[in-house]
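Here are some exercises on how helices and strands fit together in a protein model. Try each task yourself before you read the solution.

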Amino acid sequence: MSLRSDPINFEDYWPPIEKLLLNILNQRYKQVTNERWQETFFDIYKVCVAQPEPLVGVLYARLKSMLQTHVQELCQEVSRSDNLLESYYKYWTTYRTAAEYFDKLFNYLNAQHLKKIKKPMQADVSSESVCQPGLEVKDLCLYLWNQDMITPIKKPLVDLLMRGIELERNGGNINQSVISGIIHSLAEVEEYKKDDTLELYRETFEIEFLRSTGEFYRAEAERLRSESNCSDYMRKVLQIIDLETLRCTKFIHSSSKDKVISEIRARMVADHSKFLYKEAEYMVASDCWQDLHAMYKLLKPIDGGLKTLIQLVQSRITQVGLETIKQVATSDNPPKDFVESFIQVHKKHSDLIATTFNNDQLFVGALDKACSSIINFRLNPQQPCRSPELLAKYCDNLLRKPSSGSGSSGSAIKGLSDAEIDEKLSLSIIVFKYIDDKDIFQKFYSKNMARRLIFSQLSLLDHEESMINKLKQVCGYEFTAKLHRMFTDIGVSNELKGAFEQHLRQKNAQLGISFSIYVLQAGSWPLGQSPVTSFALPEVFLHSVQAFEDYYYTRFNGRVLTWLYHHCTADLKLCYYDNNTAKRKYSVSMQTFHAAILLLFETKDELSYEEISKATQLSDEQLSKHLQGLLEAKILLVGEEALAGDASTSCQQNVALPQQASSRSDGSSPPSAQQYSFIPTTKIRFNLQFTSRKTKFKIAVVQRDNQYQQIREQNDSELTHSSIDEDRKLYIQAAIVRVMKSRKSAKHNQLIKEVIDLTKNHFTPSVPMIKKCIEILIEKQYLERKSSAADEYKYVA
């Protein structure tokens, strides 16, 4: 067979081509042999390359005319059919297959002529001298099916489709393949279009389908509401959505699925939102989390649908949390009960949000807001929030040795393994993150940490370092800088102590006592540099103190040591002799003031209160407290006439009944305390008959009574908060200067906003405090107001 281009007569070639095409269209495949297929393919090729001019336009026009006639005949048969849908689907599947064959048969025409035409789609298609611009043979088949089949029967076709789908929704049986095939044919017939290939599908079917779907489920929603309660209604709506999703997958084009589901949600959920929100109030109040999970699934896709539910959940968590926290005020161990009660509330609702609301960030945010409200709640708006102080005490209980405290304050750590302590410290960070006034926590935590370090009360150094690292991860290095320096000071002090001991050995000097010292940076430790009382150091201690001062000032020039005797401790050995034989020996740990009082009795068996006061130079308050501890330990005794209750004697017994002494931070717990007040002539004598079952024990500083101790603790807390206010003013002033130094000038509102942003990680400053700090900086000539604008400030370099 020759492929050479020769002059041909088109009418000789067209009849066999047309016959083959009709056989394919009418499914007479037995008459389409391989030989006949190849002959037709080459006949088409010859027509396309004919001389002197290719007959492509004529061939294309004849093909178009034949297809158009065939489709019109099919349309008439479909219109007359008793079952329009099945008839349409049968002819469509046959025609669709034929179009695929035609596309292969006319492959040369498509590749060499039609694909090269780049003219607009709206060109004339009725002329036999040109091809349908841009449409290949398969696309031409689809185009003619749209024009001559779908357009004439569009309305009855779509009506029958709607009835069939509604019947299936009501549980009826339909031919699913027919329905699906017809719907997808509407999407396929315009595949040849470069833009918006689903235009016919949308305008013909999708719009009407969405409308009928909305009407169907609007009526269905009303029926379900009248027959069911809210829980059953939500369950059935979710089932409907799942079924409709499956139905969309089986029947309609994938582009319509989301629109259909959205229409169902609009009719069955959004239109009944008031009903759902009203029931949500009861569900949240009753902790009906399973029902809330169903409601969440329904409301989440609705624009703004979760807003009310989020508010209800947040209010519920806040209510539960506040009720729990308020009970802590009457507990025996407020720090432990406060933190662990909050952790229980947080964990419970965090788990519920994970399971009920799939950890949706909107609900996680609601949990955070609720927890922040709980943690920063104030029973008295005029008083500072107690949460930072309670959390600091809780951490102190965990980080101190079990034996370093008594009562409830020191019992939190007992019986806990290292892993359990570390877990509780990690949970305490959850509480810390919600605290607004983190600087208050920092103040109390540093004071407690100072006691732990100075008195060697650390449970485990790794726990202490781990806690500081956890705080640093939340608030940054600046927040924990002083805590790190406190650790450093202890290490440096140990090195200094070793160097001092080496110095004494080199000089062959003897102190006479075992002397240990901590040299601490004044700016890093919350101890205060002012002594609580005047004090005359006993001679036995004075030599050691002077020796260390001489060594220190020789090594470091320009430094000054301030001795904090009220933070010092001493260990004394008491030896009781019987016939010049040491019969009873005791090792007693006490504060320096205790030791100073006891050392006075080394040469005398009895002294008056006035003599002790002059020798020690302690204030009446401090002397009374420390005498009380020694009296309660029975190491010292008062005159016998004092216990008789005679008002004229030198010692008077308090009206208050004897009571248990308060627990002290040094870990001691004296027996039942009998409170005394002293006058200058009160006689105090050394108890030579002292006995104890313990050979090593501590002496506590005993307060007058519980009420006095509570008042003192309250005053200490007030002083701490007062110092925090002063620190905040300095911090705010530094933030203002930092902002103004970078901006040079700023308006009042802008400056306040940026200062709040800079300080919010440490505390939430009040606007009046910021204004006051601005005025202070203006007085200090760091800032000045612009003459041209009263609400604008300028930085003064």
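A crossing of two helices is left-handed if the near helix is turned anticlockwise from the far one by less than a right angle, and right-handed if it is turned clockwise. Keep in mind as you work that this is a predicted model.

**Exercise 1. Describe how helix H1 packs against helix H2.**

Step 1: Find the two helices. H1 covers residues 10-25 and H2 covers residues 34-48.

Step 2: Look at the geometry. The axes lie 10 Å apart, and the helices pack at an angle of about 135°.

Step 3: Name the arrangement. Angles from 65 to 115 degrees count as roughly perpendicular and those over 145 as roughly antiparallel. H1 and H2 are therefore oblique to each other.

Step 4: Give the handedness. H1 passes H2 in a left-handed crossing.

Step 5: List the contact. H1 brings Phe-10, Tyr-13, Pro-16, Ile-17, Leu-20 and Ile-24, while H2 brings Arg-36, Trp-37, Thr-40, Asp-43, Ile-44, Lys-46 and Val-47. Sorted by class, this contact of H1 with H2 holds nine nonpolar, one polar and three charged residues.

**Exercise 2. Now do the same for helix H6 and helix H7.**

Step 1: H6 runs over residues 137-169 and H7 over residues 176-188. Their axes come within 10 Å and cross at roughly 140°.

Step 2: That angle makes H6 oblique to H7.

Step 3: The crossing in which H6 passes H7 is left-handed.

Step 4: On the H6 side you find Leu-142, Ile-150, Leu-157, Leu-161, Ile-165 and Glu-168, which meet Gln-176, Ile-179, Ile-182, Ile-183, Leu-186 and Glu-188 of H7. By class, the contact of H6 with H7 has nine nonpolar, one polar and two charged residues.

**Exercise 3. Work out the sheet that contains S11, S12 and S13, and find the helices that lie across these strands.**

Step 1: Recall the principle. Strands of a sheet pair through backbone hydrogen bonds, either parallel or antiparallel.

Step 2: Put the strands in order. The sheet is open, its three strands follow the order S11-S13-S12, and the pairing is antiparallel.

Step 3: Find the edges. S11 (745-747) and S12 (783-785) each have a single partner strand, so one side of each is left without a neighbour in the sheet. On average, neighbouring strands of this sheet are turned by 25° against each other, direction ignored.

Step 4: Check the pairs. Three bridges join S12 to S13 (residues 792-795), and Leu-783 stands opposite Tyr-795 in S13. S11 and S13 also pair over three bridges, with Tyr-793 in S13 as the bridge partner of Ala-746.

Step 5: Trace the link. A hairpin of six residues joins S12 to S13.

Step 6: Add the helices. H27 (residues 748-759) lies across S11 and S13, at about 100° to S11. H28 (residues 767-779) lies across S12 and S13, at about 100° to S12.

**Exercise 4. Which strands stand at the edges of the sheet with the order S3-S9-S4?**

Step 1: This open sheet has three strands and antiparallel pairing.

Step 2: S3 (606-608) and S4 (636-638) stand at the edges, since each has a single partner strand. Neighbouring strands here are turned by 30° against each other on average, direction ignored.

Step 3: S4 is joined to S9 (residues 683-686) by three bridges, and Leu-636 stands opposite Phe-686 in S9.

Step 4: Helix H24 (residues 620-632) packs on the sheet and touches S4 and S9, its direction making about 100° with that of S4.

Conventions: Residues are numbered from 1 along each chain as its sequence is written. This is a predicted model: local features need pLDDT of at least 70, side-chain atom pairs count only at pLDDT 80 or more; totals for chains, interfaces and linings use all residues. Side-chain values use heavy atoms; hydrogens and water are left out. Two strands pair if DSSP finds at least two bridges between them. Helices (H or I, at least four residues) and strands (E, at least two) are DSSP runs, numbered from the N terminus. Axes are lines fitted to C-alpha atoms, for helices over the stretch in contact, and angles run from 0 to 180 degrees between N-to-C directions. Contact means heavy atoms within 4.5 Å. Angles under 35 degrees count as roughly parallel, over 145 as roughly antiparallel, 65 to 115 as roughly perpendicular and the rest as oblique. Ala, Val, Leu, Ile, Met, Phe, Trp, Tyr, Cys and Pro count as nonpolar, Asp, Glu, Lys and Arg as charged, and the others, Gly among them, as polar.
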